[in-house]
Amino acid sequence: MTSVITPHASVAGGDQPGPRPRSARSGISLRVGVAMVWLSVIVLLPLAAIGWQAVGGGRQAFWLAVTSNAALESFRVTLTISAGVTLVNLVFGLLIAWVLVRDDFPGKRLLDAIIDLPFALPTIVASLVMLALYGANSPVGLHLQHTAWGVGMALAFVTLPFVVRSVQPVLLEIDRETEEAAASLGANNLTIFTRVVLPSLTPALLSGAGLAFSRAIGEYGSVVLIGGAVPGKTEVSSQWIRTLIENDDRTGAAAISIVLLSISFVVLFILRTLGSRAARREEVSA
C-alpha cells in the first residue's frame, strides 16, 4: 500500500514546527507589553521629558546653550579625557580579564571580586579615595588634584569594570583547541593572539569600550573633588550642567544633557554595529 505524506507528517525522524498555540502567543504578547511599559516608564519618558525641557526655550536658546564658550570647553575636556581613558581601559581591561581567566595565582578570587567594587562604591566615595591618594597630601607623591590627569584617574577607576566584565565571559568560551592547533603549526604567541583570539574578542571589546566611554562622559561624582571644575582644564560637562542648574538655567542644562545623550547613543550604536559585523565575520570564517 502506498503511503501518503501529509503536510504535517514527520520528516527525517522529526516533527515540523507547527503554529504556536494561542496561549503561547498570548504569553509572548504579555511579556513584550510589560517590558515595553517598564522601559517607557524608566527610560523613554525621562528622555522625552529632558528633550522637551531642552527645546522649551526655542531653537535659538538651545543653540546658544550648547555653543557657548563654557559649554564647548566642557565638551572638549570631557570627550578628550573620556576617549583617552577608554583606550587605556581597553588595554588594561583586556589584560586583567586575560589574567583572571587564563592564569592561576593566590588571591585570584579576591581580585575578581575587587573588579566589581567601582560598580558598588558611591561615586563621591571614589572621589574622596582619589583625593586622598593624589591630593595635596598624597602618600605616593603624585599631586594630581585639579589636573586633567586626576580626572582621568577617577574616570579610569569607575569605568574599568565595563571592559573587564564584557571580555571575561567571551574569553571563557573561546575554544582552546584552535589556539593549540595554531601553536602546533608553528605560530608564536603574538600571532595566535592577533589571528585567533583577538577576532573573537573584538565584539566584546567594542561593547565594553562603548559602555565605558558613555559612563565616562556622564560621570560627575568621582571627579567633583579631584577635578575641582577648573574651567577649560578640568571642568567636565556634567559639572557645567550642575553650574547651570545652580544658576537656574534648567533649559541650558537640559540642552547640554541632550548633547551628551546624543553622543553616547551614537557611539554605542556605531560600536554595537561594528561588533555585530565582527561577530558575523567570525562566524563565517569559523
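This note goes through the pockets, one helix pair and one salt bridge of a predicted model.

1. **The largest pocket.** Start here. The space in the largest pocket comes to about 510 Å³. Its lining has 23 residues. Closest to the centre are Val 88, Gly 152, Met 153, Ala 156 and Phe 157.

2. **Who builds that lining?** Which elements give two or more residues to the lining of the largest pocket? They are helix H3 (69–102), helix H4 (108–115), helix H5 (117–120), helix H6 (123–134) and helix H7 (148–173). H7 supplies the largest share, with eight residues.

3. **Its character.** Now sort the lining of the largest pocket by class. There are 20 nonpolar residues and three polar ones. Charged residues are absent from this lining.

4. **The second largest pocket.** Its volume is about 230 Å³. The residues along it are Val 170, Glu 173, Ile 174, Asp 175, Thr 178, Arg 195, Val 196, Ser 200 and Glu 282. Two elements give two or more residues to this lining: H7 and helix H9 (189–217). H9 gives the most, with three residues.

5. **Its character.** How many residues of the second lining are charged? Four are charged, three are nonpolar and two are polar. Set this beside the lining of the largest pocket, which has no charged residues. H7 deserves a second look on screen, as it contributes two or more residues to the lining of the largest pocket and two or more to that of the second largest.

6. **H2 against H3.** Helix H2 covers residues 59–67. The axes of H2 and H3 lie 5 Å apart, at an angle of about 55 degrees. Why call the pair oblique? Angles under 35 degrees count as roughly parallel and 65 to 115 as roughly perpendicular, so about 55 degrees falls in the oblique class.

7. **The contact itself.** H2 brings Ala 65, Val 66 and Thr 67. H3 brings Asn 69, Ala 71, Leu 72 and Phe 75. By class, five of these contact residues are nonpolar, two are polar and none is charged.

8. **Salt bridges.** The structure holds six. One of them joins the side chains of Asp 112 and Arg 165, at 2.8 Å from N to O. Where do the two partners sit in the chain? Asp 112 is in helix H4 and Arg 165 is in helix H7, 53 residues apart. The pair therefore links distant parts of the chain, and side chains of opposite charge can pair when their charged atoms come close.

Note on methods: Residues numbered from 1 in each chain as written. Predicted model: local features only at pLDDT ≥ 70, side-chain atom pairs only at ≥ 80, totals over all residues. Heavy atoms only, no water. 1 Å grid on protein atoms, 1.4 Å probe; cavity = no way out; pocket = protein on both sides within 12 Å on 5 of 7 lines; lining within 4 Å. Points joined across faces, edges and corners; volume = space filled by probe spheres on them. Helix = DSSP H or I, 4+ residues; strand = E, 2+ residues; numbered from the N terminus. Nonpolar A, V, L, I, M, F, W, Y, C, P; charged D, E, K, R; others polar. Axes fitted to C-alpha atoms, helices over the stretch in contact; angles between N-to-C directions. Contact = heavy atoms within 4.5 Å. Salt bridge = Lys/Arg side-chain N within 4 Å of Asp/Glu carboxyl O.
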